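I opened this model to look up how its helices pack against one another. My notes follow the order in which I looked.

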Amino acid sequence: MEQIPEDWKRGVVIVAHPDDIEYGAAAAVARWTGQGKDVRYVLATSGEAGIAALPPAECGPLREEEERRSAAVVGVHEVEFLGHPDGRLQEGLELRRDLAAAIRRHRPEFVLTMNHRETWGPGFLNSADHRALGQSVLDAVSDAANEWIFPELTEPRWTGVRWVAVNVMVGATHAVDVTDTVDTAVASLAEHSRYLQALSDVPVAEQAREQIEMATGPKDGFAADRAVGFELFQF
Ligand SMILES: [Zn+2]
């Protein structure tokens, strides 16, 4: 297992929903912002279908606010929502175009996204939104660099992405040592308080601690007490 490259200045984390980044990846983000890197978040949806009994028109703004607070905890101050429908993300040209435009606006060298595979591991199905989003991000990196695929985009093309790191539970090729940022990641996840309260009666702080400890376990062949794993794609 190799160390994720860290010789970059600007990174963008692109996910489907508020809270996706906070279940582990934010520990790596906290490390990178601590190194002085510029990291931004782009979310395809506002997570408006994510809380039972809370109508989307109320839920969306609340979850955007929770995401902004979570981001601030790990030193991220630019958070963009693309307004695609939560639960109904479709892998395809429309999503790829909007993601390519976002990549062109933010001009990252490093992109982080979520697992796009069918499962999280044997027996744990990944969601339709996550599959659509992750695959479309990988495709959109090339779209962002090509002036002919989406000629209607007004942002100039961006050929500077060097890596896409996909946050995975199994099959990681690379890892990041997050031993020093676990507590920050717990605090970041705990900002999703309304969402977590709806998921379980366990107090939010306890849920956040348990989830982050699970997501940042030591990785085989990587010398760190706490680590987050990724599959790394080079461009
Ligand atoms: Zn999600």
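**Helix packing around H5**

I find that H1 and H5 are oblique to each other, because the angle between them falls in none of the other classes (under 35 degrees roughly parallel, over 145 roughly antiparallel, 65 to 115 roughly perpendicular, the rest oblique). The model is a predicted one, in which local features need pLDDT of at least 70 and side-chain atom pairs count only at pLDDT 80 or more, while totals for chains, interfaces and linings use all residues. Residues are numbered from 1 along each chain as its sequence is written.

I looked up the geometry of the pair: the axes of H1 (residues 25-34) and H5 cross at roughly 120° and come within 8 Å. Axes here are lines fitted to C-alpha atoms over the stretch in contact, with angles from 0 to 180 degrees between N-to-C directions, and helices are DSSP runs (H or I, at least four residues) numbered from the N terminus.

I then listed the contact, taking residues whose C-beta atoms, placed from the backbone, lie within 7 Å: Ala26, Ala27 and Ala30 of H1 meet Val182, Thr184, Ala185 and Ser188 of H5. By class, I note five nonpolar, two polar and no charged residues in the contact of H1 with H5.

Next I turned to H5 (residues 182-190) and H7 (residues 204-215), which pack at an angle of about 130° with their axes 8 Å apart; H5 and H7 are therefore oblique to each other. On the H5 side I noted Val182, Ala185, Val186, Leu189 and Ala190, which meet Val204, Ala205, Ala208, Arg209, Gln211 and Ile212 in H7. The contact of H5 with H7 has nine nonpolar, one polar and one charged residues.

How values were computed: Helix = DSSP H or I, 4+ residues; strand = E, 2+ residues; numbered from the N terminus. Contact = placed C-beta atoms within 7 Å. Nonpolar A, V, L, I, M, F, W, Y, C, P; charged D, E, K, R; others polar.
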